Structure formats: C-alpha cells, structure tokens
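This report considers how two domains of a multidomain protein meet, and then turns to a small sheet and to the salt bridges. The sequence and the structure are shown first.

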Amino acid sequence: MSKTTIIQVAIATPLRRLFDYLPPSGVMAEDLHPGCRVQVPFRNKSVTGIIMHITDHSDVPEEKLKSAIACVDKTPILDSHCLKLGRWASDYYQYPIGEVVVGTLPKLLRQGQPACKKPITAYQLTELGQGVDLDTLTRAPKQQDALRLLRQQVNPIARHDLADVSSGTLKALVDKQWLETVDVIQSPVPRTTQQPNYALNDDQQQAFAAITESLGAFKAFLLDGVTGSGKTEVYLRTIDEVLKRGEQALVMVPEIALTPQTVKRFSERFATPIAVLHSGLNDRERLDAWIMAQTGEAGIIIGTRSAIFTPIATLGMIIIDESHDGSFKQQDGFRYSARDLSLIRGQMHKAPVILGSATPGLESLRNAASGRYECLKLTQRAGHANLPNYRILDIRNRQLLDGLSNELLAAISDHLRQDSQVLLFLNRRGYAPTLICNSCGWVGKCQRCDANMTLHMKPRHLHCHHCDASCRIPHQCPQCDSEHLHALGLGTERLEQTLSEQFPEAEVFRIDRDTIRSKSALETTLAKIHNGKRQILIGTQMLAKGHHFPNVTLVAILDADAGFFSADFRASERVAQLLVQVAGRAGRAEKPGDVVIQTRNPQHPQLLRLIHEGYHSFAEETLQERKMARLPPYTYFAMLRAESHDKELPRTFLQQAKTLASELGSDGVFVLGPIASPMEKRAGRYRSQLLFQANQRKDLQSLLGPLSKTLETSKKSPYLRWSLDIDPIDMF
Ligand code: ADP
Ligand code: ZN
Ligand code: ZN
C-alpha cells in the first residue's frame, strides 16, 4: 500500500512552525522537491510557500489536511544549503521559519512569478527574410544593409545591438514579414578586463597563499589591514582562483550606494558577469540578479547583508568587507547578523570566509586570538605602519565659533593655504540639535518621542530624527510668546554655513543624508572632490565609509566625546572604529594626514590609548575590560523588547516573560530587568526591555526556544509588540 505524501511548507507568517499539506491534485510524489514553491490555501487565501520537507507523516489527521493548490516550480529555487541556512537562522535567531525562508526571497518570487530573468525582445529573420534576394533591394539600401547584417547573426539579436538600424527600417522589415520578434533571455556580454601591473607584496602574498590553500574547505580568516593596505587586491586575486575552479564568490559590503567604486573595480577586473544585490534595486532587477547568482551565471555576487540568503550554485568563497560595520546586523524584524551567518554558510559550502577590516570588531579579534580565525595582517604598504599625526585639542572653557576652536580654525586656514582639502567630521545632521526659548527655557520636543526636534534651515523646519515627524518652526515660544528662540548646538548644516563665511576662498561640500539623496548625487559630489584643491568637506558617518580622499591633509573630529560616555558598552568600540576610519580617509600612503580631535576629556584613557598606541592596543585593553565585566564577547546577550501605546503594557508583558523564564528553568542564564528603554517613548510607543545574559550560547538557546514559542501563543494585548534580539549590537 502506498503511503500518503505530506508536504511541509514554510509560509510567511509569525507562527513559528511549518504547515502540512497534501500534494496538489494530480501531482506525483516524485515531482515534489524541497526548495520548490507551492501555492497553498492559508486562512482563506492562496499564498506562496516553500516546500521544506516531504514526509509520510503528519500530526494533523489526514482528513483534516488540505491539498496544496499548485506547484509553482518544477525544480527547486532554493538549494539544500539555503534551506539548511534558513532553518539554522530561524532556530538561532528565534524567528519564524516562514518569515526567514519566504521573507528573504525577492518580492516577485514571493508573488509567484517564474524564477527566470526577464525576457527581452530580439529580432530574427523569418524564412521569407532569409530567402530575399538582396540585389532586388537596391532602391531600399537601408533595408538591404539591415538584412545583410541580420544574416550574419546565428541567434536572435537584441534591439540595442542593432544600433545602426533605424526603427523605421525594422518596422518595414517586420511589416513585410521578413523579420520577426522573439522573447529571449539575455546573458550579459563578456567585458574586456584590465589586470594590475604590480605583484603582491609579501604580506599580501602570504594572505593570498593561506586563503587559496584552503579553497575547497571551510576556514575563517581575519584580514586585518588599514585602508590602502591592499585588502581589496587580495580579494581580487583570490576570487580569480575561485573562478578558475569554476566556483562563485560572494562579496558582502556594508553599503553599495556609498561605495560605487568597489563594484567598478571588480567589474573592471573580471570578465564574468557580476550580480549586484542591494536595497536600491527595483523588484525586477533584484530578481534578475538573484537568478544570476542562483544559476551560476554570475561568477561574483556583490551584495549588502540580505545577499547572505541568496542561493549560489557553486559558492567557493565568502568575503565580508569592512566586517566590523554595524550594517551587517539587521536591526528590525528578522534581526540577523549577516557576518555571523556567513561563517555558518561557509561551513555548509566548505568554503573559506574572509573577514576584512582596518578596525576589526572586538568579537573578531577575540576569535583571531583564540585561533578560531586565522589572522592575516597587511602592514607593508608604505606609510601605514605610521599612525596619523594626531593632535588633541582641549576645548574645555574655550570660546568656540559654532563648535570650532581658534586652533582648529588656524589649522584649517593653514592647510587651505597650501591648496589642500580639509575634512570635518560631525555625526549630526541638520542646523542645530535643539531649538530653545531664551526667555523661559522651552525646548522644541517631539510629541511622539522622548527627544528634541532638530532644527533644519534648508528647507526651514523642525525634524525628529527618530520618528521622522516634522513641523514648522514657531515664530514665538509656544509657552511664553517670547520671540527669542535660539538654535542651540551644532549640526552639519550650520557648520557648512559658518565655514563658508569664514573661508570664502574655499569650496565647501556637505555630505550627509540631506544633501546626498541618491547614488548619482554622491558620484557627482565625489567627482568634484576627487581632484579638488582648497576644499572643505563636511560629513557625517556617511563620509567615514569606503571613500579615500588623497588630497585631504587635515581631518578634524569636532566632537569625539559622545561615544566614550554612552551608556552602551559598545559605544567606545564604535567611536574608536569611526575615528580610525575617518582618520584613514586622509592623505596618501607615503604621507599620512594630520588629525585633530576636539574634546572636553583630553585625559580620557581610552581616547589616549587609541591615538598614542593605535586601534589594536585600544581593542586589547577594551577586551580586557569586557572580560572583567563579563560582557560580550565573553558572555552572550539576548534582548527581549516590548512596545505599546500603553505605557504599562510592555513592562507587564516583560515581567510575565521573566516569570515564565524562571518556570521554564533558566539554568545558566541571568535575566535582568525589565527596565524602560533608554529612549522610552519613540514614535508614540513606550518601550521596555529585558536582558538575558549567559556564559554559554547553548544555555541561552535552550531557554529562548521554548520561551519564544510560549510567548507567541500566550494571550496578550493586540496592542503589544514584542521582539527578540539575539546578540544585540545596541542596548537600546
Ligand atoms: P584596501 O582595500 O586595503 O583599502 P586596496 O587593495 O584598495 O587596499 O589597495 C590600495 C591601493 O594600492 C589601490 O590603488 C591598489 O591598486 C594599490 N595596490 C594594492 N596592492 C598593491 C601592490 N602590491 N603594489 C602596488 N600597488 C598596490
Ligand atoms: Zn519661552
Ligand atoms: Zn519623534
């Protein structure tokens, strides 16, 4: 007797489980495969899911099982590695399996569209067209030329490859039925490539040898080298070896829009098609790039964090560039770390994983120290052993001109006089962070957040950077009617204005999210800066990423203090990375720039250590402190957050969760809280948090699995939202 076939399907829903169905009617068991999409009835709707397993057993009685409606794919669109990665991520991050597996597909696939690239219209000659005697066309020379050209083609030819033929001519040929249009899937044309004319230096050679030796097996490498030390060159050469093995390479970068030159450098070097995956794509472009990765057509896949879930037929190596960057962690919804998942994925595919950075995260440094990662250092490229020339400016009790000390103004003036560029870093957009009434002390606050509204002048408005609310700037104080409203503090917009007034001879560029709203805007600005002289560049952290400005000889950090005094234990690591990254934007290899740091804490030990002994010394010391304080990476954290319009609900819910945790038996796990989040009210919701801490990951996992399942099904107010963040990178 043949057994019943049951398909277990992942569906994008918050329920933490798979759903059992019978096969669609008429479909044989052998035509069903894990990784294929199926249409299934779900809550009176037809939805697209992914088959995870095929089995002969269900906990649901057979007569209650519904049949799937139809198979969408004949062959799997997700390979077994991807399914396994999805399951692993769902278990580890305690996030519903369907949201993980289906939620990370390109939108068009979620909607059930075919998993293939968009066909384009191409032209080919009909039999009639093939038979025409060209000599009869002497009075229609354009048609004659076109036919001659088309006869040389073996395959249908795309419109853009027929640039010499006018649309009128094509139409005439189609009208005569000599030419017809067909839909074809186009492959990118191979490009010509440029190879570098230099050899790797010894450090690079060693790194190259270690990585290529481990191709075909999993191994993790930390490629540690400052900006300009030649990391990208090592990526490129090792990728070449991967391609020679007939495999593909996945390159993960923090933000593609900010680093267009990375993609350019890769595409200049390799003839293989490159699939680029980032948030700026439209649905069709995303699917096409995904397909190129999945089918193996693209030898190289460059993407931001979500690219980690792309099926890659023959994945042979993963590179995480700027691996310390916070953007590899998703901060809402499915809160995964693409960096950590890349290591899991590397193990599955038996592929080496390279974490590159000038300022490796403390987790990575600890893994390198313990031997879990092999550390490859690039120190050789000239000048880079030298630290930049740091100078600390004590701004306590100083008269400042819009945040600028006299010493700094003098230094800017000096450097501009030498026709150099100056870069000022201030991580605060807008004109001023606070609008205050000089008469009564009223402050412009956001109605929906525990935060002040930022004053913007171009265009004039108040804007909350936390919830995006905006409103008009009042003419009078809403509290005392005084007209003495005052912009307090400094943002990039104000800095731009002040510097333009102070240094009329210099061109001033501001690079932040308000001035740079698109990739092309960034490219235009960067082009103006590239060969510029006597320019002042003002930027937020947008400027700290990727770009190198060889003509910048002075970098100034206007306010270094915020990070070293934050309540978040990771803040000093982030500030240190930012400082080093910003400092690294300046100067050439032979000639590091001057870096001026304005601070009200000139004796701060972490700051001094960073600038006198360098990032690695800072990192070592900070790791020691973390070890003493039992903080990550020496312990493991998870954060349960709750929020609601009702102030009490989150705290009550978290208190119940805490009780539940102790009932479930939380051996080895400390539960701290609940407490109000540091910014309790945000976008109209009150937020609280409960922190779980353990010495071992597995203790955390064995508590959080059952806990999240119970929380999911427990009775709670529909107005309450909750989320679990495993390995949170910020404590808010
Ligand atoms: P990183 O990625 O660490 O910032 P890159 O690989 O971009 O460093 O190298 C910085 C610059 O030095 C690039 O212009 C690159 O072409 C060049 N470069 C890299 N390696 C070498 C080498 N071995 N010899 C000469 N130039 C090199
Ligand atoms: Zn007032
Ligand atoms: Zn707000």
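Buried area is the accessible area, taken with a 1.4 Å probe, that two parts lose on being put together, summed over both. In this predicted model, the area buried between domain 3 and domain 4 is about 1,800 Å². Carbon and sulfur atoms give 60% of that area.

**Domains and their contact**

The protein is divided into five parts: domain 1 (6-110), domain 2 (120-184), domain 3 (202-378), domain 4 (389-428 + 490-625) and domain 5 (636-726). Domain 4 is thus assigned as two segments, 389-428 and 490-625. Between the C-alpha centres of domain 3 and domain 4 the distance is 28 Å. Each of these two domains brings 20 residues to the contact.

What polar interactions cross the boundary between domain 3 and domain 4? Seven residue pairs are in polar contact across this interface, with both residues of a pair at pLDDT 80 or more. The count of salt bridges between domain 3 and domain 4 is one. A salt bridge links the side chains of Arg570 and Glu363, with an N to O distance of 3.0 Å.

Which helices supply at least two residues each to the side of domain 3 that touches domain 4? They are helix H9 (260-269) and helix H12 (362-369). H12 gives the most to this side, with four residues. By class, the side of domain 3 that touches domain 4 comprises seven nonpolar, six polar and seven charged residues.

**Salt bridges**

Over the model, the count comes to 38 salt bridges. One of the pairs is formed by Glu233 and Arg265, whose side chains meet at 3.6 Å, N to O. Glu233 belongs to helix H8 (residues 231-244) and Arg265 to helix H9, so this pair ties together parts that are 32 residues apart in sequence.

**A three-stranded sheet**

An open sheet of three strands follows the order S19-S20-S21, and its pairing is antiparallel. Strand S19 (454-457) and strand S21 (470-471) are the edge strands, each pairing on one side only. S19 and S20 run antiparallel and are joined by four bridges. Strand S20 (residues 460-463) also pairs with S21 in the antiparallel sense, here over two bridges.

Both pairings are hairpins. S19 and S20 form a hairpin with two residues between them. In the hairpin of S20 and S21, six residues lie between the strands. Asp468, in the turn of the S20 and S21 hairpin, has a positive phi of about 75 degrees.

The table lists residues that stand opposite one another in the sheet, among them partners from each hairpin.

| Residue | Partner | Strand of the partner |
|---|---|---|
| His456 | His461 | S20 |
| Met457 | Arg460 | S20 |
| Leu462 | Cys471 | S21 |
| His463 | Ser470 | S21 |

Where S19 meets S20, Met457 thus has Arg460 as its bridge partner, and His456 faces His461. Where S20 meets S21, His463 is set against Ser470, and Leu462 against Cys471.

Terms used
Residues are numbered from 1 along each chain as its sequence is written. Chains are lettered from A and ligands numbered from 1 in the order in which they are written. This is a predicted model: local features need pLDDT of at least 70, side-chain atom pairs count only at pLDDT 80 or more; totals for chains, interfaces and linings use all residues. Side-chain values use heavy atoms; hydrogens and water are left out. Domain bounds come from an automatic or database domain assignment. Contact means heavy atoms within 4.5 Å. A salt bridge is a side-chain nitrogen of Lys or Arg within 4 Å of a carboxyl oxygen of Asp or Glu. A polar contact is a pair of N or O atoms within 3.5 Å; within protein, one must be able to donate a hydrogen and the other to accept it, and residues adjacent in sequence count only if both atoms are side-chain atoms. Ala, Val, Leu, Ile, Met, Phe, Trp, Tyr, Cys and Pro count as nonpolar, Asp, Glu, Lys and Arg as charged, and the others, Gly among them, as polar. Two strands pair if DSSP finds at least two bridges between them.
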